[in-house]
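Student: I have a protein chain open on my screen and no idea how to read it. Can we go through it together?

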Amino acid sequence: MPDAGLTLTQQPPLSPLVEVHADDTAHRLWKQIALDDDFQREFVAAVDDLIGDLDHRTAREERLREIGVTALGGVYAGMVPSLARADAEFFEVLRQNAQFGTPGRSVAGWHIEFEEVADGPLAVLRESDRTPTIAVRIDDAFGELRAEYREDIAWLLAELAGAVDLRIIATGRWQRRLAREYREHLPAVSEQCNAGLSENNITERVETARDVLDPDGRKVRILRQLADEASETLPYNQLYALHQTTKGAVRQCLTTSDDSLTELGLVETFSRTTENGNAVELLAAGRNLLDRLDSEIGRQQRLEAVVSDSRNPCDDSRVTPPAHEGRHRPAAEAEACCAEGGGGSGAETAPDRHRLPFHHQVRSAARHRYAAAASSATDGGIALVDHPIRVKDDRGEPHWYYDHETDRLLVGGEYDDPMQWWVCIALALANPRTFRHILTPDRFETGKLGDLLANHADLLRNSRCLGYLKDADATAEDYTDALLEAAEDLSELTRDLHHENYEDRNRFRGDILREAQGLAGTIVHLLDLADIDVVREARIPRFSRDFGESQQADLAETLSVGASIQSRYGESTAYRQLLESREDKRESAIPPTVDADDPFGELIGSFVVVGKSVDQLADPLRRRLSNRDVHEDAPEFSVPIPVEEATGRSQMAQAVQMMCRQKSIRPTRAATSMLAALTGTPYDAARALHNLASETKAPGRKLRLDEVRYGLSALKPTRLLSEMGKPALSKIVHALLVAETPLEQNDLAERADVSARSVRTYTDRLAAFDFIHQTEAGWRFALPFHTDKERGEDILPEFVSTDGDSTATGTFARDVLAEAIYDLLDLDRYADPEDPIGGALFADPGKVIPALRTGCDWLDPWITVVQTLIDADPVDRDSAGKTTPAIGVDPEQASLTAVAATKAD
């Protein structure tokens, strides 16, 4: 016999004794159960088990009352013995069981409240050894009942769960609703639901979805369409266009059906301020489900790969055909397009990657990728992010994201070569949505931009070098049209390149590159005049594999040229004033008045270059920025452009803050520290928090540590403590984060797929730095389990700084390191001044950490982790002696030149 209790399930049990539908009042629901023949036989057997060994009726009544059968003031206990004796009252008692709580009816002449059923028939079952399985189906019919009826049913279910094996058959949506609305009546439902789908780990979500979704159904097709997007995001209206069905059918797949993608935890919907309607983004569980389906049944080959060129439609128009005409919407059609990679290593090294000839839709970037790039950016500089990224199906596809709250625009694309990338950037910047949502007529007509456009168009042309601007175009509407036309002309040039409509390929590519840089520069300066921040992202998935010295030099060159075009001193463009080789262009420019006390211009916005090992670009880029030759008449100013690696705590903190804002929660100091310490880059931290659902019940609450654990567990193992360069360590950490209970050593080794020796080595180190704790049940990570029991608990390494921690500033990295080394070293080594590691602790306070780095080769990255956890600024040992590169005239050199000229006179 199963134990009494309540179990949530989405599938009916194999052979329940009784199955009923909760679509009526509680007393009618009980009546269906009580009058069921199988239930009555089980009830009679339960009575016989309890009192069948007693001969006298009085003794039987007394036993029943003693065990709690007290309904009707004990009268019911006097009726029940007739069931064991099978006398004349046998069937009457069974009939009366069904009358509990029925309006206008009585039991043995007593009119009783429905609650008496708990001390009557259910008390008999509760005290017997019989636990029949009863299934109750909860669905929308239950939701249509009056509120008081639903509460009565919830009460009955709770009482039944104490006496029988109760199975509630409900979808995930109804399970969560029961937990939310009837927590007081059904605590068991709340516990199971919170430990189930809504708070489950990704593996369990995938298992549930695999059971209920058709691999060839529309819901899985929607998941694949989201996965095919670089942003893994699609607006509702685009999904409507992709599916030739009603909008309601698509919404049912997303949110309104019982097994919708949202309910299964595979996607999340969110409202977009800059676009019409809502959008849908893919979550980690959705990606993992597709991976599982692909591994089990394979994925149908892309349509584009099997359709011949002669039959694959190619539309050179910018107009998207209406979806209702039944025409397939090819991925090529877009508001804007991008150039062919052409030349270099782009097209030749990846011939089988999906790429349409020259039309490439500007896609919205995923919110978490925007947060990663924006937080990595160095204001007025170039950030290099050593982070592996996957290739895009269409490597010529630009991406775009506008954050209206911070007035920041992100544009970017995958980098193959200078021409291809700058065309992506230009067409993303000049995309129609830029003018719909950012450079609106109101922006054009107000503030500094409005004044200059209305009264000083010549200054905008000759100082800011705004292209495509004529006096006749000096209105918001006309200038917008001119810029959109320029973007279309650029697209036409890429079409001519594809069709080989040129005399000299290299020269023609150079023309396209100049047009793209000019258009991009114009839009960036307009955004600057309108006080809009702009981040340009170059994504290079093949950097570590394909980028040798020549490709790195090309990248450094094109970034330095683009940066100078998009820099300014006052209202003057830096490139025109400092680097322009064409004399007629220099003569038309209005020279700036240089302030000798402040001879420094600035780069507008920032650039972010991301890819595995792109930090190798730092020195070539610094050299190229510093060594650009200025023309002889250049004014005496320079533009400092710092080149930095985005690995500091400040960038991590910004990424966490941005992601928390997206999820309607607030970051904490401890949560930020743990995310920064365990992940390698802001891209990892943003991806981790991306997998949390948005907070709707208590917007503005703090980010919980169990949510940090859940987000980290969704990352690939290689992205945890990646700076250590120890794959086995990363796997062990990941296995501990995924686990919902402590793990013994053998189990940990098996789950992490590493050797027992690796487990011993790395658990010692993790324990020394208090990342893991050993319990009687095994090792556990020092974060709360993502379960109902530990939700909201503050479980952390003991030295992590927390909000309001007044001692944080007094926690020194060397103190933490000394304690860790004490745990790792034998006592004689720890106390030996001559030992390479223990002896380092005897050094002067300021020399302890350098000595430890010298004495122990594996300790260096752990030092950075400790500094991150205590919220201390790590010392950049590589920054010593570095200077910020600058384009232009060095002020000191200018002063010497002036002095020399004076002496000559």
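What follows is a conversation about reading this chain, feature by feature.

Student: What should I know before we start?

Tutor: This is a predicted model, so to speak of local features we need pLDDT of at least 70, side-chain atom pairs count only at pLDDT 80 or more, and totals for chains, interfaces and linings use all residues. Residues are numbered from 1 along each chain as its sequence is written, and side-chain values use heavy atoms, with hydrogens and water left out.

Student: How many helices and strands does the chain have?

Tutor: Helices (H or I, at least four residues) and strands (E, at least two) are DSSP runs, numbered from the N terminus. Here the chain has 43 helices and 21 strands.

Student: How do I read a sheet, and what is the order of the strands in the one with 4 strands?

Tutor: Strands of a sheet pair through backbone hydrogen bonds, either parallel or antiparallel. Two strands count as paired if DSSP finds at least two bridges between them. In the sheet you mention, the order is β1-β4-β3-β2, the sheet is open and the pairing is parallel. Its edge strands, β1 (5-9) and β2 (18-21), each pair on one side only. On average, neighbouring strands there are turned by 20° against each other, direction ignored.

Student: What does one pairing in that sheet look like?

Tutor: Take β3 (residues 133-137) and β4 (residues 165-169): they pair in the parallel sense over 5 bridges. Thr-133 stands opposite Asp-165 in β4. You can also find helix α1 (residues 26-34) lying across β2 and β3, at about 155° to β2. For such angles, axes are lines fitted to C-alpha atoms, for helices over the stretch in contact (heavy atoms within 4.5 Å). The angles run from 0 to 180 degrees between N-to-C directions.

Student: And which strands make up the sheet of 7?

Tutor: That open sheet runs β8-β10-β11-β12-β16-β9-β18, with mixed pairing. At the edges stand β8 (363-364) and β18 (643-645), each with a single partner strand, so one side of each has no neighbour in the sheet.

Student: Where can I see the mixed pairing?

Tutor: Start with β10 (residues 399-403) and β11 (residues 408-414), which run antiparallel and are joined by 5 bridges. Trp-400 stands opposite Val-411 in β11. Now move to β11 and β12, which run parallel with 7 bridges between them. Leu-409 faces Val-534 in β12. Then β12 and β16 (residues 606-611) run parallel, joined by 5 bridges, and Val-535 stands opposite Ser-606 in β16.

Student: Is β12 mostly covered or mostly open?

Tutor: We call a residue buried under 20% relative accessible area, exposed over 50% and partly exposed in between (1.4 Å probe, protein chains only). Strand β12 (residues 533-539) is mostly covered, with 6 of its 7 residues buried. Across the chain, buried residues make up 53% of the 905 residues.

Student: What about a residue that isn't buried?

Tutor: Try Glu-116, in the loop between α6 (90-97) and α7 (121-127). Glu-116 counts as partly exposed because its relative accessibility is 24%. Glu-116 and Ala-71 are 45 residues apart in sequence, yet 5.6 Å apart in space, C-alpha to C-alpha. Leaving out residues up to four places away in sequence, Glu-116 touches Ala-71, Leu-72 and Phe-100.

Student: What is a nonpolar core?

Tutor: In soluble globular proteins, nonpolar side chains tend to be buried together. A core here is a set of buried Ala, Val, Leu, Ile, Met, Phe, Trp, Tyr and Cys residues joined through side-chain atoms within 4.5 Å. The largest one has 113 residues, and those with the most contacts inside it are Leu-266, Met-674, Phe-771 and Phe-781. Helix α36 (residues 727-738) gives the largest share of this core, 7 residues. A second, separate core of 78 residues includes Val-411, Phe-508, Ala-530 and Phe-543.

Student: How many disulfides are there?

Tutor: A disulfide is a covalent bond between the sulfur atoms of two cysteines. The search looks for a pair of cysteine sulfur atoms within 2.5 Å, and over the whole structure it finds 0.

Student: Where is there a hairpin to look at?

Tutor: Look at β19 (residues 772-775) and β20 (residues 778-781), which pair in the antiparallel sense over 4 bridges. The hairpin joins β19 to β20 through 2 residues, and in β20 the bridge partner of Gln-774 is Trp-779.
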